[in-house]
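Trainee: I'd like to learn how to read salt bridges in a model. Can you walk me through some?

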Amino acid sequence: MRILAAMSGGVDSAVAAARAVEAGHDVVGVHLALSRAGGTLRTGSRGCCTVEDALDARRVADLLGIPFYVWDFSERFRDEVIDDFISEYKAGRTPNPCLRCNEKIKFAALLERAIELGFDAVCTGHYATLVDGPNGLELHRASDNAKDQSYVLGVLNAQQLAHTYFPLGSTPSKAIVRAEAAERGISVAQKPDSHDICFIPDGDTRGWLAEKVGAEQGDVIDRSGAVIGTHEGAHAFTVGQRRGLHLGVPAADGKPRFVLEVRPVTNTVVVGPKEALAIAEISGEKHSWAGAAPSASEFACEVQIRAHADPVPATAFVTDAGVRVVPDVPLDGVAPGQSAVLYIGTHVLGQFTIDTTVSAVPVGA
């Protein structure tokens with residue numbers, strides 16, 4: 001196959017490209033320039049897609065003897081990922097930019113261009129597997145559960161999966177990938193993994209949002225509506241947060257309080273006891289299926305609401321209005337804007353963006 005290898009400059013994408021070459025595919029490497037700040041440099045293990053990363057990717061391509069290009073996707077990344085991130089926070093929601101980048105950039109913009117240029121598939125260093133199932137190609141968890149990235153790939157559809165190649169999915173551990181990189185003479189064998197949000201390389205999400213959204217003082221209220229404190233900008237808070245509330249009125253029971261809701265229209269943050277974070281039901285209109293859609297409108301599954309959260313047994317209901325999920329046990333600290341990914345075992349069924357939640361603890365309980 002003609003393979004376009006997306007090379008971030010990290011060890012995973014380097015070994016994925018090397019395995020594609022070793023498998024006999026016709027491989028071309030490409031690094032995506034996603035930042036408009038051309039002089040951006042990596043700080044420790046924060047960020048990705050920097051000048052330093054592009055140079056690391058080029059060195060790996062030279063070692064593998066494959067053509068290498070840098071494609072400027074910064075404008076689309078700004079429009080589809082950064083602006084979306086800002087607008088979601090303005091709306092009081094908690095987005096996942098990595099998932100959005102996979103959906104809009106790596107497996108939409110990149111894949112579209114790859115197909116236009118005659119490539120059969122895009123190869124990445126994601127930890128996930130593809131399986132030929134009874135109803136077509138299926139997306140499954142990786143063998144290494146600690147590195148599994150199927151959650152952030154749940155947005156991929158059947159057409160995208162058909163043109164995707166994940167060489168690392170069956171690898172038992174990241175340690176094996178690093179050892180293989182060292183054995184191949186790949187210079188980034190011990191390079192730290194990137195983390196946090198790539199376009200906020202210093203990790204100060206609150207400060208970054210304050211510059212983009214603006215900070216305006218507002219009220220912190222309890223579930224009854226009583227004002228118990230003030231804040232310097234609702235954008236700085238997310239559901240489940242405990243620290244940084246600086247409340248002037250202690251709780252009657254003396255226990256800590258947590259953010260239960262962010263109301264951007266009134267610039268209000270609602271807090272309450274930890275028990276009130278329990279969610280009995282979630283639903284969302286925007287959804288997609290990673291392959292064939294479920295044949296039934298009601299089915300048992302597992303739901304995962306964060307990249308590294310444990311899946312929870314649940315029942316899903318699919319209607320014209322979207323997807324509604326009732327977990328067997330309440331979910332903890334769910335925020336609108338998060339993605340709920342549905343599984344049956346290791347099989348990824350699809351995902352939806354959470355619009356509404358139903359508390360398991362009524363007000364006053």
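Mentor: Sure, definition first: a salt bridge is a side-chain nitrogen of Lys or Arg within 4 Å of a carboxyl oxygen of Asp or Glu. The general idea is that side chains of opposite charge can pair when their charged atoms come close. This is a predicted model, so local features need pLDDT of at least 70 and side-chain atom pairs count only at pLDDT 80 or more, while totals for chains, interfaces and linings use all residues. Residues are numbered from 1 along each chain as its sequence is written, and side-chain values use heavy atoms, leaving out hydrogens and water.

Trainee: How many salt bridges are found in the whole structure?

Mentor: The search finds 22. Take R76 and E80, whose closest N and O atoms are 3.9 Å apart. Both sit in helix α3 (residues 74-90), four residues apart, about one turn of the helix. Helices here are DSSP runs (H or I, at least four residues), and strands are too (E, at least two), numbered from the N terminus.

Trainee: Is R76 buried or exposed?

Mentor: Partly exposed, at 30% relative accessible area. Buried means under 20%, exposed over 50%, partly exposed in between (1.4 Å probe, protein chains only). E80 is partly exposed too, at 26%.

Trainee: Which parts does the salt bridge between E180 and R19 tie together?

Mentor: That pair meets at 2.7 Å, N to O. E180 lies in helix α6 (residues 174-184) and R19 in helix α1 (residues 11-22), so the pair ties together parts 161 residues apart in sequence. E180 is buried at 15%, and R19 is buried at 17%.
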